[in-house]
Amino acid sequence: MANSSIYKILITGGAGFIGSNLCEYFIHKGHQVVCLDNFATGHRHNLNAIINHPNFQLIEGDIRNLADCKHAVEGADYVLHQAALGSVPRSINDPITTNDVNVSGFLNMLVASRDAKVKRFVYAASSSTYGDSEALPKEEEKIGKPLSPYAITKYVNELYADIFNKTYGLETIGLRYFNVFGRKQDPNGAYAAVIPKFVVQLMHHESPIINGDGNYSRDFTYIDNIIQINELAMFTQNQDAVNTVYNAAFGDRTTLNDLIFYLKESLTELDAAIAQIPTIHGPNRAGDIPHSLASIVKAQNLLDYQPKYSIQDGLKEAVKWYWSHLK
Ligand code: NAD
């Protein structure tokens with residue numbers, strides 16, 4: 001990356017999985033980082049490595065509160081907006097809270113960022129915006145109808161970002177994350193993502209439960225690829241590359257059955273008994289699409305995005321991390 005200046009970056013949701021990885025990365029690059037988080041799903045321990053760093057500031061606050069957003073964004077050059085309530089099932093169980101955080105909170109952050117005159121607002125969008133479109137690979141301009149309240153909120157984010165650019169001139173870039181995984185992703189709770197949940201279950205000799213026959217597939221994306229695309233989106237000088245959305249993915253798909261196979265392969269090197277653990281199959285889950293695969297051509301062409309970690313390389317790293325931190 002050619003940009004060697006030092007900036008102040010606000011990372012909302014910075015105590016969460018993706019946000020805390022971004023905080024650490026940009027602190028180590030020498031930037032000043034402010035984290036705004038209410039710890040709804042994030043954890044203080046995710047920030048252990050940087051909490052006492054002189055360039056790091058933690059603000060405990062809620063994006064549903066405009067004053068908290070304004071306070072956090074004061075003096076920031078860039079915003080990486082990650083705070084949201086993730087999970088399709090959570091949004092089905094409680095659409096009102098998901099909407100408050102993901103839509104009203106997002107709008108607060110846009111208003112605060114506009115008023116603070118930040119250079120750019122880069123935000124976590126989602127592959128769920130492709131909804132019921134069956135086209136593969138997913139290309140940014142061809143979306144279907146949302147399949148869950150969560151997907152609606154993430155699509156509304158894109159619409160608001162576009163209007164804030166057109167109406168107020170705020171530069172924005174949305175990154176449609178595809179099933180991100182890696183160190184610090186939470187394995188616990190009813191809404192945990194599959195990879196950390198499966199790794200920890202296997203580590204503890206419990207059977208992982210797959211929703212459906214295991215032939216559904218996803219474009220699982222390692223966290224370091226996501227860090228790379230955030231950095232590129234934040235600093236790109238190419239004006240044709242801003243005020244739009246990108247798929248943030250590796251660009252390959254893996255079935256859940258293959259995922260279990262790869263995880264067992266890595267884990268068996270650490271504990272041979274894991275090879276024998278059977279997988280259980282349950283019913284399909286509401287709101288799940290059968291297959292997801294990103295085209296990353298747009299990000300390659302406009303942002304020069306070159307994801308370094310394939311799913312298998314990323315899984316090896318993730319397994320090592322869970323083994324050394326949670327075994
Ligand atoms: P996460 O739950 O680990 O992180 C979200 C963070 O936001 C948490 O630290 C949480 O405490 C914080 N937060 C929630 N509500 C808040 C509020 N009202 N005010 C302030 N902070 C609040 O989830 P993640 O996987 O790191 O996801 C980060 C972003 O990426 C989210 O916007 C999510 O929708 C999006 N995303 C993630 C994935 C994925 O595969 N992980 C896929 C698509 C999109």
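This tour goes from the sheet to the ligand and then to two loops.

The model is predicted: local features need pLDDT of at least 70, side-chain atom pairs count only at pLDDT 80 or more, and totals for chains, interfaces and linings use all residues. Residues are numbered from 1 along each chain as its sequence is written, and side-chain values use heavy atoms, with hydrogens and water left out.

**The sheet**

Colour the strands. Seven of them form an open, parallel sheet in the order S3-S2-S1-S4-S5-S6-S11. Strands (E, at least two residues) and helices (H or I, at least four) are DSSP runs, numbered from the N terminus. Two strands pair if DSSP finds at least two bridges between them.

Select 56-60 and 244-248. These are S3 and S11, the edge strands; each has a single partner strand, so one side of each lacks a neighbour in the sheet. From one strand to the next, the twist averages 20°. Axes are lines fitted to C-alpha atoms, for helices over the stretch in contact, and angles run from 0 to 180 degrees between N-to-C directions.

Next, select S4 (residues 78-81) and S5 (residues 120-126). They run parallel and are joined by four bridges. One to pick out: Leu80 has Val122 in S5 as its bridge partner.

Now add helix H4 (residues 95-115). H4 packs on the sheet and touches S1 (8-12), S2 (32-37), S4 and S5. Its direction makes about 165° with that of S5. Contact here means heavy atoms within 4.5 Å.

**The ligand**

Show the residues around the ligand, those with a heavy atom within 4 Å of it. There are 27, and Asp37, Thr41, Asp62, Tyr150 and Val180 come nearest. By class, 14 are nonpolar, nine polar and four charged. Asp, Glu, Lys and Arg count as charged; Ala, Val, Leu, Ile, Met, Phe, Trp, Tyr, Cys and Pro as nonpolar; the others, Gly among them, as polar.

Helix H1 (17-28), S5 and helix H5 (149-168) each supply at least two shell residues. S5 gives the largest share, three residues.

Which polar side-chain atom lies 2.8 Å from a ligand nitrogen? Select Asp62. At Val180, a backbone N or O atom lies 2.7 Å from a ligand oxygen. The protein covers 90% of the 820 Å² of accessible area that the ligand has on its own (Shrake-Rupley method, 1.4 Å probe).

**Two loops**

Go to the loop between S5 and H5, where Pro137 is found. The peptide bond from Leu136 to Pro137 is cis, with omega near -5°.

Finish at Ser87, in the loop between S4 and helix H3 (88-93). Ser87 is not a glycine, yet has a positive phi of about 90°.

Key: A polar contact is a pair of N or O atoms within 3.5 Å; within protein, one must be able to donate a hydrogen and the other to accept it, and residues adjacent in sequence count only if both atoms are side-chain atoms.
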